[in-house]
Amino acid sequence: MGLGSARVWKIVGLAGLAGVTATGVIIARNHRQRTQRTPEEIHAKLRERVAAAQNAA
C-alpha cells in the first residue's frame, strides 16, 4: 500500500462525508417546509390531489 492509495481513500472518505452532509441538509430543509404549512394548506393540497386523481381515472 503506497502513498497513492492512501490519498485515494482519503478522497473517497471526504466525498462520502460530503454526501452525508448534503443529504442531512436536504432532509432538514424538507422537514422545515412540511412543518411550516398550516392545516388548511395541507387540507387544500390533499383536495387538489384527490381531484387530479379522479380526473386522471
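## What "partly exposed" means here

A residue counts as partly exposed when its relative accessible area falls between the buried range, under 20%, and the exposed range, over 50%. Lys 45 has a relative accessibility of 43%, so it counts as partly exposed. Keep in mind that you're looking at a predicted model.

## The overall picture

Start with the fold, which is quick to describe: the protein chain has two helices and zero strands. Its radius of gyration is 22 Å, well over the 10 Å that the globule rule gives for 57 residues, so the chain is more spread out than a compact globule. The C-alpha trace spans about 65 × 30 × 10 Å along its principal axes.

How much of the chain is buried? Of its 57 residues, 0% count as buried. The accessible surface adds up to about 5,300 Å², and carbon and sulfur atoms account for 65% of that.

## Along helix H1

Helix H1 takes in residues 3-35. Ser 5 sits in this helix, and with a relative accessibility of 26% it falls in the partly exposed class because that value lies between the 20% and 50% cut-offs. Arg 7 is also part of H1, but here the relative accessibility is 60%, so Arg 7 counts as exposed.

Further along, Thr 23 belongs to H1 too. Its relative accessible area is 43%, which makes Thr 23 partly exposed. Asn 30 is another H1 residue, and it is partly exposed as well, at 33%.

## Two surface patches

Which residues make up the nonpolar patch on the surface? They are Val 8, Trp 9 and Val 12, and together they offer about 330 Å² of accessible area. Val 8 lies in helix H1 and is partly exposed, its relative accessible area being 48%.

There's a charged patch to look at as well. Arg 34, Arg 37, Lys 45 and Arg 49 come together on the surface as a patch of positive charge. One of its members, Lys 45, lies in helix H2, which covers residues 39-56.

## Some distances to check on screen

If you'd like to get a feel for the layout, try a few C-alpha pairs. Asn 30 and Gly 19 are eleven residues apart along the chain, and their C-alpha atoms are separated by 17 Å. For Thr 23 and Lys 45, the sequence gap is 22 residues and the C-alpha to C-alpha distance is 26 Å.

Two other pairs also take you along the chain. Arg 7 and Ile 42 are 35 residues apart in sequence, with 49 Å between their C-alpha atoms. Where does Ser 5 sit relative to Asn 55, C-alpha to C-alpha? These residues are 50 apart in sequence and 58 Å apart in space.

Methods. Residues are numbered from 1 along each chain as its sequence is written. This is a predicted model: local features need pLDDT of at least 70, side-chain atom pairs count only at pLDDT 80 or more; totals for chains, interfaces and linings use all residues. Side-chain values use heavy atoms; hydrogens and water are left out. Patches are made of residues with over 30% relative accessible area and no salt bridge: like charges are joined within 9 Å, nonpolar side chains (Val, Leu, Ile, Met, Phe, Trp, Tyr) within 5 Å. Accessible areas come from the Shrake-Rupley method with a 1.4 Å probe; for residues, only the protein chains shown count as cover. A salt bridge is a side-chain nitrogen of Lys or Arg within 4 Å of a carboxyl oxygen of Asp or Glu. Lys and Arg count as positive and Asp and Glu as negative; His and the chain ends are not counted. The place of a charge is taken as NZ of Lys, CZ of Arg, CG of Asp or CD of Glu. Helices (H or I, at least four residues) and strands (E, at least two) are DSSP runs, numbered from the N terminus. Buried means under 20% relative accessible area, exposed over 50%, partly exposed in between (1.4 Å probe, protein chains only). The radius of gyration is taken over C-alpha atoms; the globule rule is 2.2 Å times the number of residues to the power 0.38.
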